[in-house]
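Visitor: Hi, I have a new model open on my screen and would like a quick tour. Could you walk me through it?

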Amino acid sequence: MKNKSIKTLKFLGLGFLEPLIHMIDGEERRKNATRFVKGSLLPLVSIFLFIFLWHQGAMALYNSEAKERIEKARIEQGEQAALDMKACIESGEVSCQPNTLPSPAKVYQAYIALWQDHLSISQKKSEFKEKVSETNAQREAQGLDPITYTGRPSFLDQIGTSLKTVAAGFLLAMLIAVPIGVVIGLSDSLRTAFNWLIQIFKPVSPVVWLLLVFMVVKTVIKDPSIDKSFIISSISVGLCAMWATLVNTSMGVSSVDKDYLNVAKVLKLNIGQNIFKIVLPASLPLIFTGLRITVSVAWMVLIAIELLAQSPGLGSFVWEEFQNGGNDSNAKIIVAMFVIGIIGFVLDRIMLSVQNLMTFNKGIA
Amino acid sequence: MEALLKKVDYQVMPHLEDKPVMLECQGLKKVYPTPKGDYVVLDDLKLTIKQSEFVSIIGHSGCGKSTLLTMIAGLNELSGGKIIVDGLEVRDAGPDRAVVFQSPSLLPWLTAQQNLMIGVNQVFPHGSKAERVEICKYYLDKVGLGNDFNKRPSELSQGMQQRVGLARAFALKPKVLLLDEPFGMLDSLTRGELQDLLLEIWQKEQITAIAITHDVDESIFLADRVIMMTSGPYAKIGDELVIPFERPRNRKDVLEHPDYYDYRSYLLNFLNH
Ligand SMILES: Nc1ncnc2c1ncn2[C@@H]1O[C@H](COP(=O)(O)OP(=O)(O)O)[C@@H](O)[C@H]1O
Ligand SMILES: [Mg+2]
């Protein structure tokens, strides 16, 4: 029971709780207490330190920006304007707030505001749904498309869209990179033939991929009812992110242990059996290492691509906030930053767990 | 000791006297290209082995023993000469020549039974699934792993892995069993156990076997005939020694045999010159 829960915790990436379980179990309380403190309190301390430094930094920036505004008012409009400006800033009046790095408290407020916004939008959505349900039923009976909610998406909706885009991009990357990687990995000549292509395309920036995909998709899909922005951004994400999987797969396939290949030869396995029974299983660990990198690259370029493609998602959320320059825009951008980071971390954790499942212990040999 | 200096004489091995030839190497040559020019490992090597004979090969490290064995297995191209197994010239690898290498080289993502199964499926494609499973279980049981069918290699000790390796080789029902220092990585206790095990199964299956070893005692204990290779380059068969101890053998009888130390010093003498 105890070992099982420790295993589960480790699998979930919560390994730092292990000493706590030992402690509750009454084993070597002192030693485990120290381990727990080290494993979980130290990170906690560093989080507080981070927030403190951030707060101090934000305050310093705030003050310097405020000073500059007052000074500017004095130079341009005289002493009275400077005093007015000072009073205005101190009163917390929105119109004259310095526009700079927001403090942790402001970011927290923005987070709450975004959450409230999400709640109100989802309420509106369900009200809308109720309102049109009858009409939609009629439309369906007539073979027409149902009326859908077209209001502003909430922050959570944006996250959902981003996750969908990245999932589609990842799937595409996997479906392209793994088979090609296997084929290239199997043949020395193909590897030599296509190496230059991989080496050249691998470092190409997401922006260029996006433009390239845009050119093609725009010409191929003429039907205006299809959501092109989703297709464009997920294809671009896939193309940017697939290289790690491609390279790792071909490397895994080409470096299968010679002993395993000898087994295949002695048993006279045919090419299909050889690939599916020997080569693929033997290269799974490397393939999954590649897929893990692909996921993190996909998530990283996604934000930039959404931002550029103006397709809905976290990227365009950040861009719109930056452009509309509302008084809490900066704080919302920071919220988005944390959300992006945390989701990226969680995705990587998930891939790490899958990767660990795939990595067989080679034994002593 | 002079009495031992005779060349192979099947008179001394009555049980092999009228057995047909199973394996023949004629004028075997192997050249490895190296940056400093061609390196001739084996040159004009001749070797004849009879059906159900057990031959061991000794020689200094690097003389070309593994090269010879992998060539017989069909895993290494010949630079010249011919290898004939059971009347047919060897062209590529095949399950009629099972190989056991020093490292067990089991497929780590498969269980012990699946590791045997993949070969048994190839060799007995017409048997029913149940029959094939039966074959795997039979051989795993034979090597003492009756309770470990579903363990993966990582859950087995080195010695147990090599047991699976032996079971996998025997389960193919090969014509020739090729062993390249099969117990070289094991501690001496485990090595002894596995030697006994190998002889026990071999006795039952009557398969022609070639075992490379660098352990003189092992070579005597296992074989009907010990083949001594000269040091490379241009290595060939330097000498042969028939070990006429009766079978089935047990270690104690072999060690206590009055001729044992003569054979042993003959082999050591060859290696030291
Ligand atoms: N693939 C290879 N390319 C070049 N030289 C090789 C290769 N394999 C083995 N050799 C050389 O051939 C000689 C014989 O090797 P090997 O058959 O492994 O010897 P042994 O098994 O008797 O120790 C050694 O000198 C080794 O360095
Ligand atoms: Mg060797």
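Guide: Happy to; we'll go through the ligand site, the sheets and a few local details, keeping in mind that this is a predicted model.

Visitor: Great, ligand first. Which residues are around ligand 1?

Guide: From chain B, they are Tyr32(B), Tyr39(B), Val41(B), His60(B), Ser61(B), Gly62(B), Cys63(B), Gly64(B), Lys65(B), Ser66(B) and Thr67(B). By class, that shell has 4 nonpolar, 6 polar and 1 charged residues.

Visitor: Which elements of chain B each supply at least two residues of that shell?

Guide: Strand 2 (37-50) and helix 1 (65-73) of chain B do. Helix 1 of chain B gives the most, with 3 residues.

Visitor: What do the backbone atoms of Gly62(B) do there?

Guide: A backbone N or O atom of Gly62(B) sits 2.7 Å from an oxygen atom of ligand 1. For Lys65(B), a backbone N or O atom is 2.8 Å from a ligand oxygen, and for Gly64(B) the corresponding distance is 3.0 Å.

Visitor: And how much of ligand 1 does the protein cover?

Guide: On its own, ligand 1 has 560 Å² of accessible area, and the protein covers 59% of that.

Visitor: Strand 2 came up just now. What does strand 2 of chain B pair with?

Guide: Strand 2 runs antiparallel to strand 1 (residues 21-34) of chain B, and 10 bridges join the two. Together they form a hairpin with 2 residues between them.

Visitor: Which residues could I click on to see that pairing?

Guide: Try Pro33(B), whose bridge partner in strand 2 is Asp38(B). Another pair is Leu28(B) with Leu45(B) of strand 2.

Visitor: How many strands are in the sheet with order 2-1-4-5?

Guide: That open sheet of chain B has 4 strands, with antiparallel pairing. Strand 2 and strand 5 (88-89) are the edge strands, each pairing on one side only.

Visitor: Remind me what holds strands together in general?

Guide: Strands of a sheet pair through backbone hydrogen bonds, either parallel or antiparallel.

Visitor: OK, and what about strand 4 of chain B?

Guide: Strand 4 (residues 80-85) pairs with strand 5 of chain B in the antiparallel sense over 2 bridges, with Ile84(B) opposite Glu89(B). Helix 1 of chain B packs on this sheet, touching strand 1, strand 2 and strand 4, and its direction makes about 120° with that of strand 1. Strand 4 is also joined to strand 1 of chain B by 5 bridges, again antiparallel. There, Gln26(B) stands opposite Lys82(B).

Visitor: Switching topic: what is the strand order in the sheet of 6 strands?

Guide: In chain B the order is 6-7-8-3-9-10, an open sheet with mixed pairing. Its edges are strand 6 (97-100) and strand 10 (237-242), each of which pairs on one side only. On average, neighbouring strands are turned by 20° against each other, direction ignored.

Visitor: Are strands 7 and 8 of chain B parallel or antiparallel?

Guide: Strand 7 (residues 176-180) and strand 8 (residues 208-212) of chain B are parallel, with 5 bridges. Leu178(B) stands opposite Ile210(B) of strand 8.

Visitor: Which strands does helix 5 of chain B lie across?

Guide: Helix 5 (residues 188-205) lies across strand 3 (54-58), strand 7 and strand 8 of chain B, at about 145° to strand 3. Helix 8 (residues 260-271) of chain B lies across strand 3, strand 9 (225-229) and strand 10, running at about 175° to strand 10.

Visitor: Any backbone oddities I should look at?

Guide: Two to look up. The peptide bond from Arg247(B) to Pro248(B) is cis, with omega near -10°; Pro248(B) is in the loop between strand 10 and helix 7 (251-256) of chain B. Gln206(B) has a positive phi of about 55° although it is not a glycine, and it is found in the loop between helix 5 and strand 8 of chain B.

Visitor: Last one, over in chain A: where is Asn274(A)?

Guide: Asn274(A) is in helix 11 (residues 271-309) of chain A. Beyond its neighbours within four places in sequence, Asn274(A) is in contact with Leu261(A), Ala264(A), Leu269(A) and Val279(A). Its C-alpha atom is separated by 36 Å from that of Gly344(A), 70 residues apart along the chain.

How values were computed. Residues are numbered from 1 along each chain as its sequence is written. Chains are lettered from A and ligands numbered from 1 in the order in which they are written. This is a predicted model: local features need pLDDT of at least 70, side-chain atom pairs count only at pLDDT 80 or more; totals for chains, interfaces and linings use all residues. Side-chain values use heavy atoms; hydrogens and water are left out. A residue is near a molecule or strand if one of its heavy atoms lies within 4 Å of it. A polar contact is a pair of N or O atoms within 3.5 Å; within protein, one must be able to donate a hydrogen and the other to accept it, and residues adjacent in sequence count only if both atoms are side-chain atoms. Accessible areas come from the Shrake-Rupley method with a 1.4 Å probe; for residues, only the protein chains shown count as cover. Ala, Val, Leu, Ile, Met, Phe, Trp, Tyr, Cys and Pro count as nonpolar, Asp, Glu, Lys and Arg as charged, and the others, Gly among them, as polar. Two strands pair if DSSP finds at least two bridges between them. Axes are lines fitted to C-alpha atoms, for helices over the stretch in contact, and angles run from 0 to 180 degrees between N-to-C directions. Contact means heavy atoms within 4.5 Å.
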